[in-house]
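Trainee: I am new to this structure, and I would like a close look at a single part, the inside of the fold. Please start there, and then show me how other places relate to that part.

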Amino acid sequence: MTTLLLTHPACLEHDTGYGHPERADRLRAINDALAAPQFKSLKREEAPRAELAAIERLHPSAYVEMVRATIPTRDHKWLDPDTVVSPGSWEAALRAAGASIHAVDQVVAGKADNAFCAVRPPGHHAEPSRAMGFCLFNGVAIAALHARAKHGAERVAVVDFDVHHGNGTQVAFWSDKDLFYGSTHQMPLFPGTGALDEAGVGNVFNAPLKAGDDGDEFRAAYEERILPALDAFAPDLLIVSAGFDAHLKDPLAQLRLLEPDYAWVTEQLMEAAAKHCGGKLVSTLEGGYDLEALASSASVHVETLMGAAS
Ligand SMILES: [Zn+2]
């Protein structure tokens, strides 16, 4: 299998300031881990910039312009209490969104079987007109709309295993029956959304988990709720919001996943993609704030995508 790895040095230049959990060292930890010999066969490319027209399929131009106007020439500014921008943030945000878009192009064209985008800032909390939760542009939702507009995809699914609910993706997909959003997440927890009865037009499938839940509850949520719904939806393309902050060691949440749980969920999603869409799967980094757990979990995820994990 050919797995495409997209990243860009500009994603390290989005500076969130001292003590912020969503920091450049996260991406450095992943890059270091993916430099190991078992990742030699990855197809590596630099993420291109997203075109504004692609971003504006989701985000109104007034919002995009507001984000750009907020970027400071020095130090930091805040889009909300959690969401910091620095001089490098605009370029990083364009590269992060561009990674998901380019990954879709490459996977749909058959130039890679699947892809992982090691980028930041993350995206799944960004609503069409609102930055929040460390997120500026919602890369997975932008990529889904791009797949429809440019590649004629009829049904695109996003599955989100970040420990936080992807409120932005849910809002973006809410009333469109040809877009699927399925999420496991800890609840109650930021951002507060993601209850079982938030169902859109029958296209949104939330599976909230409780603090202290481990891989058993996580796997049950997939087996009983997310995977059957995904199977019934039968996507043309599967996009994954891959956050690794449900790991036992993560400081921002209280789920207890371990690396084998990330291998398992990756395998399940690959099987669903193989069944419905020729294996076409694009995964994008969201959260994950313990550097060691993030690096090892992302490694297991990518190894599984490469078909090389045991
Ligand atoms: Zn998260």
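Mentor: Happy to, and let's begin with the names of the parts: helices (H or I, at least four residues) and strands (E, at least two) are DSSP runs, numbered from the N terminus. Please remember that this is a predicted model, in which local features need pLDDT of at least 70 and side-chain atom pairs count only at pLDDT 80 or more, while totals for chains, interfaces and linings use all residues. Residues are numbered from 1 along each chain as its sequence is written, and side-chain values use heavy atoms, with hydrogens and water left out.

Now to the inside. A nonpolar core is a set of buried Ala, Val, Leu, Ile, Met, Phe, Trp, Tyr and Cys residues joined through side-chain atoms within 4.5 Å. Buried means under 20% relative accessible area, exposed means over 50%, and partly exposed lies in between (1.4 Å probe, protein chains only). The largest such core here holds 96 residues, and Phe137, Phe161 and Leu269 have the most contacts inside it. The element that gives the most to this core is helix H4, residues 89-108, with 10 residues.

Stay with H4 for a moment. Of its 20 residues, 17 are buried, so the helix is largely enclosed by the rest of the structure. Its length can be checked too: the expected span of a helix is 1.5 Å times one less than its number of residues. For H4 that gives 28 Å, and the end C-alpha atoms are 29 Å apart, which agrees. Just after H4 comes Gly110, with a positive phi of about 80°.

Which residues does Phe137 touch? Counting a contact as heavy atoms within 4.5 Å, and leaving out residues up to four places away in sequence, its partners include Trp90, Ala93 and Leu94, as well as Ile55, His59, Tyr63 and Pro122. Phe134 sits in the loop between strand S5 (114-117) and helix H5 (139-151). This residue has a positive phi of about 75°, although it is not a glycine, and at 14% relative accessibility it counts as buried.

Asp75 makes a useful contrast. It lies in the loop between helix H3 (61-70) and strand S3 (77-80), and its phi is positive as well, near 60°. Yet Asp75 is partly exposed, with a relative accessible area of 47%. Leaving out residues up to four places away in sequence, Asp75 touches Val85, Ser86 and Pro87.

Cysteines come next. A disulfide is a pair of cysteine sulfur atoms within 2.5 Å, and a search of the whole structure finds zero of them. Why does Cys135 not form one? Its sulfur is 13 Å from the closest cysteine sulfur, in Cys11, which is too far for a bond. Cys135 is buried, at 1% relative accessibility. Cys277 has its closest cysteine sulfur 16 Å away, in Cys117, again too far for a bond, and Cys277 is buried with a relative accessible area of 4%.

Helix H8, residues 259-277, contains Met270. That methionine is buried, at 16% relative accessible area, and beyond its sequence neighbours up to four places away it touches Met1, Asn114, Leu281, Thr304 and Leu305.

Finally, look at the zinc ion. Donors are N, O and S atoms within 2.8 Å of the metal (3.2 Å for Na, K and Ca), and since water is not among the atoms, sites may look incomplete. Here Asp162 gives two OD donors, His164 gives ND1 and Asp245 gives OD, at 2.0 to 2.8 Å. Along the chain these donors follow the spacing D-x1-H-x80-D. Both Asp162 and His164 are buried. Four donors count as tetrahedral if all angles lie between 85 and 135 degrees; four count as square planar and six as octahedral if opposite donors are over 155 degrees apart and all others between 65 and 115; anything else is irregular. With angles of 52 to 154° among its four donor atoms, the zinc site is irregular.
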